[in-house]
Amino acid sequence: MPDFYKQLTIIKPASRFNRLSLLDGRLYLTLPESGLNVLENDAFTALPGTESLGLEPYPVIFRYDASRLLIGTRTRGMFLYDGATLSPFRTELDAVLTAS
């Protein structure tokens, strides 16, 4: 049996978190107080510039290119994230993606 089946670590965030996303072997989640976070070394690390995603319950995260992520939200449309800045990613579907 692989070693990762033999150990379970419980990591408690400061507050409630929403859906987890797995991308490139890393777990991402939103926390209300800090925005989008990534799990690193058994701790949640807030990604700078993503605070506005803190209340997003279901972010959808994809690799856009080698240095950016494409993040979809339920009502605010899509964004590109470059490691520091979250920028709107305009599409022809914006009216549908931002309808509440």
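Let's start at a pair of facing residues: L39 stands opposite F44 in strand 4. Everything here comes from a predicted model, so read the numbers below as computed from that prediction.

**A hairpin and its turn**

The strands around that spot are strand 3 and strand 4, which run antiparallel and are joined by 4 bridges. Together they form a hairpin with 2 residues between them. One residue to look at in the turn is N41, found in the loop between strand 3 (35–40) and strand 4 (43–46). N41 isn't a glycine, yet it has a positive phi of about 50 degrees. Why does that catch the eye? Most residues other than glycine have a negative phi. N41 is also out in the open: it is exposed, with a relative accessible area of 80%.

D24 tells a similar story. It sits in the loop between strand 1 (21–23) and strand 2 (26–31), and its phi is near 55 degrees, again a positive value in a residue other than glycine. D24 is exposed as well, at a relative accessible area of 52%.

**Sheet one: strands 1 to 4**

Both of those loops belong to strands of one open sheet. Its 4 strands have the order 1-2-3-4, with antiparallel pairing. Strand 1 and strand 4 are the edge strands, each pairing on one side only. On average, neighbouring strands of this sheet are turned by 40 degrees against each other, direction ignored. At the strand 1 end, 3 bridges join strand 1 to strand 2, and these two run antiparallel. Here L23 stands opposite R26 in strand 2.

Now for a polar residue in strand 3: is N37 buried or exposed? N37 lies in strand 3 and is buried, with a relative accessible area of just 2%. A polar atom of the N37 side chain lies 3.1 Å from the backbone nitrogen of A46. Leaving aside residues up to four places away in sequence, N37 touches L27, Y28, L29, L31, F44, T45, A46 and L47.

A residue from further back in the chain also comes into this area. T9 is found in the segment before strand 1, and at 40% relative accessibility it counts as partly exposed. T9 and D42 are 33 residues apart in sequence, but their C-alpha atoms are 7.9 Å apart in space.

**Sheet two: strands 5 to 8**

The other open sheet described here also has 4 strands, in the order 5-6-7-8, with antiparallel pairing. Its edge strands are strand 5 and strand 8, each of which pairs on one side only. Neighbouring strands of this sheet are turned by 30 degrees against each other on average, direction ignored. In the middle of that order, strand 6 and strand 7 (residues 78–81) pair in the antiparallel sense over 4 bridges, and L70 stands opposite L80 in strand 7.

How many aromatic pairs does a search of the whole structure find? The count is 1. Its partners are Y64 and F89, whose rings meet edge-to-face, 5.5 Å centre to centre and with 70 degrees between the planes. Y64 lies in the loop between strand 5 (60–63) and strand 6 (69–72) while F89 is in strand 8 (residues 86–89), so the pair ties together parts that are 25 residues apart in sequence. Both partners are partly exposed, as the table shows.

**Accessibility at a glance**

| Residue | Relative accessible area | State |
|---|---|---|
| N41 | 80% | exposed |
| D24 | 52% | exposed |
| T9 | 40% | partly exposed |
| Y64 | 38% | partly exposed |
| F89 | 21% | partly exposed |
| N37 | 2% | buried |

**The core**

In soluble globular proteins, nonpolar side chains tend to be buried together. Which residues make up the largest nonpolar core in this model? There are 12 residues in all: L23, Y28, L36, V38, L47, L53, I61, L69, I71, F79, Y81 and L86. Strand 3, strand 6 and strand 7 are the elements that give two or more residues to this core.

I61 is a handy place to see how the core is put together. Not counting residues up to four places away in sequence, I61 touches S21, L23, Y28, L36, L69, L70 and I71. Among these contacts, L70 is the residue that stands opposite L80 in strand 7, and L23 is the one that faces R26 in strand 2.

Conventions:
Residues numbered from 1 in each chain as written. Heavy atoms only, no water. Phe/Tyr/Trp six-rings, centres within 6.5 Å; stacked < 30°, edge-to-face > 60°. Buried < 20%, exposed > 50% of the residue type's maximum accessible area, 1.4 Å probe, protein only. Pairing = 2+ DSSP bridges. Axes fitted to C-alpha atoms, helices over the stretch in contact; angles between N-to-C directions. Polar contact = N/O pair within 3.5 Å; in protein donor to acceptor, adjacent residues only side chain to side chain. Contact = heavy atoms within 4.5 Å. Core = buried A, V, L, I, M, F, W, Y, C linked by side-chain atoms within 4.5 Å.
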